[in-house]
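Here is a short report on one protein chain and its bound ligands. Please read it beside the sequence and the model.

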Amino acid sequence: MAARTPPGQLSTADFLQNYWQQRPLLIRQAFPNFVPPLSADELAGLACETDIESRLVLEKGGPTPWHLENGPFSPQRFTELSKSHWTLLVQDVDKYIPGVAELMQQFRFIPDWRMDDIMISYAADQGSVGPHVDNYDVFLLQASGTRRWRINTQPIGADNFIPDTALHILKQFETEQEWLLEPGDMLYLPPGVAHHGIAEGECMTLSVGFRAPSYTQLLGSFADDYVEHQQSQQFYTDPGRALPDHPAHLDGESLRELRDILRLRFLSDAQLNEWLGRLLTEAKQADAVLPLETPLGRESVEHTLAQQSVLVRNPWARLIYTDHGQQLTLFAAGHSLTVARELFEPLRWLCDFDIYDLSTVSQWRKDAAFIDLLTKLINLGVVLIDEPD
Ligand code: SIN
Ligand code: CO
């Protein structure tokens with residue numbers, strides 16, 4: 001079940017008020033007796049798959065220092081690597097390994113819409129991706145072996161980057177604080193804190209990453225969507241205009257009206273909320289959540305539930321809801337569904353879990369509105385039916 005308190009001894013209020021987005025925090029034994037949810041070989045196996053985003057960073061042993069190679073890799077590639085100074089990184093491992101997805105549940109003291117993925121790195125001795133800064137909040141959980149983390153919280157100069165590498169490595173990095181992390185230890189870093197983690201012996205590190213939309217992304221996506229879907233062009237209008245005091249004067253009233261357009265004042269809050277809900281749930285891999293070619297009818301879904309099939313959430317499908325008085329809206333993988341208030345409890349249950357326990361479903365099995373909602377989610381490819389073995 002979802003944890004609403006951060007791992008370790010700290011209270012949620014303490015973490016959120018004093019650390020989140022503000023300062024680094026080392027949590028020793030955040031996960032006591034931590035067992036890595038996959039092996040280094042399994043991680044390498046994922047990096048050989050075409051749909052999975054992976055990278056190799058070779059500080060030494062490549063054509064130039066800090067050489068970056070993008071996956072997918074052939075299994076052969078891993079046999080050619082030297083004994084030290086390289087790192088393999090695999091993105092979105094939570095979408096592929098259920099044990100990793102489960103770990104994400106431990107971070108639900110931050111809302112789901114802020115969560116991105118769990119990236120896992122495996123490093124040979126001395127492996128590192130170099131000193132750098134990220135724009136995201138990250139919890140760096142040591143899964144196996146040891147890694148020395150060095151950090152610096154001072155602002156980074158715009159010219160402090162090594163030129164000609166695909167990686168944004170800092171030219172100069174001074175250690176302000178450092179720790180050796182053992183399995184189960186975790187370091188939280190807010191955006192903008194420079195960090196450098198060097199493996200001492202081979203090691204595996206999990207990065208639980210949180211995304212924050214940039215203004216560029218929000219405004220850019222909005223503009224793209226608006227341009228694509230706008231049926232008829234609306235134009236600035238100025239009936240009843242007064243004679244200008246001077247023809248070259250761009251007057252305050254005209255400016256105010258133009259600014260109002262840029263501030264999207266022609267859209268209601270409800271319209272913007274709807275757009276935001278869809279944007280924030282869009283699947284990171286668009287083709288990973290596809291509607292069923294042959295949609296199921298409500299009867300088939302009822303039949304499925306009676307068959308004791310297993311219902312699971314598509315790992316790429318993000319579910320969030322908004323609640324505005326009478327209006328309850330479920331956003332699922334870029335779609336929006338209006339939901340009757342009577343379905344508030346099952347709606348939250350659908351959002352809380354990613355494996356749906358059928359004994360819980362059975363209490364709503366006779367509820368036509370619930371079956372309709374579930375049918376829609378199945379037909380959108382958001383909820384998947386796993387046939388029993
Ligand atoms: C790593 O796991 O080696 C890098 C993670 C990070 O610095 O964000
Ligand atoms: Co980083």
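D185 counts as buried because its relative accessibility is 2%, and the cut-off for buried is under 20%. In this predicted model, D185 sits in the loop between β7 (177–181) and β8 (186–189). Its side chain reaches the backbone nitrogen of Q29 at 2.8 Å.

The whole chain gives the setting. The chain has 389 residues, of which 42% count as buried. Its secondary structure comes to 11 helices and 15 strands. The C-alpha trace spans about 75 × 75 × 45 Å along its principal axes.

Now the metal site. The cobalt ion (ligand 2) is coordinated by H132 through NE2, D134 through OD and H195 through NE2. These distances run from 2.0 to 2.1 Å. Along the chain, the donors follow the spacing H-x1-D-x60-H. The pair H132 and H195 links distant parts of the chain, 63 residues apart. H132 lies in the loop between β5 (115–123) and β6 (137–152). H195 belongs to strand β9 (residues 194–210). Both histidines, H132 and H195, are buried.

Next comes ligand 1. The residues around ligand 1 are S121, V129, H132, D134, L140, R147, W149, H195, T205 and S207. The cobalt donors H132, D134 and H195 are thus named among the residues around ligand 1. The table gives polar side-chain contacts to ligand 1.

| Residue | Partner | Distance |
|---|---|---|
| S121, polar side-chain atom | oxygen atom of ligand 1 | 2.7 Å |
| H132, polar side-chain atom | oxygen atom of ligand 1 | 3.1 Å |
| D134, polar side-chain atom | oxygen atom of ligand 1 | 3.3 Å |

Taken alone, ligand 1 exposes 260 Å². The protein buries 95% of that area.

The last topic is the surface. Which residues form a nonpolar patch there? They are Y236, L250, L255, L258, I261 and F266. Together they have about 470 Å² of accessible area. One of them, L255, is placed in helix α6 (residues 252–262). L255 counts as partly exposed because its relative accessibility is 31%. That class lies between the limits of 20% and 50%. A patch residue needs over 30% relative accessible area, and L255 has 31%.

To recap, D185 is buried at 2% relative accessibility, while L255 is partly exposed at 31%. H132 and D134 each coordinate the cobalt ion. H132 also has a polar side-chain atom 3.1 Å from an oxygen atom of ligand 1. For D134 that distance is 3.3 Å.

Note on methods:
Residues numbered from 1 in each chain as written. Chains lettered and ligands numbered in written order. Predicted model: local features only at pLDDT ≥ 70, side-chain atom pairs only at ≥ 80, totals over all residues. Heavy atoms only, no water. Patch = residues over 30% accessible without salt bridge, like charges linked within 9 Å, V, L, I, M, F, W, Y side chains within 5 Å. Areas by Shrake-Rupley, 256 points an atom, 1.4 Å probe, with all protein chains shown as cover. Salt bridge = Lys/Arg side-chain N within 4 Å of Asp/Glu carboxyl O. Helix = DSSP H or I, 4+ residues; strand = E, 2+ residues; numbered from the N terminus. Buried < 20%, exposed > 50% of the residue type's maximum accessible area, 1.4 Å probe, protein only. Near = heavy atom within 4 Å. Polar contact = N/O pair within 3.5 Å; in protein donor to acceptor, adjacent residues only side chain to side chain. Donors = N, O, S within 2.8 Å, 3.2 Å for Na, K, Ca; no water.
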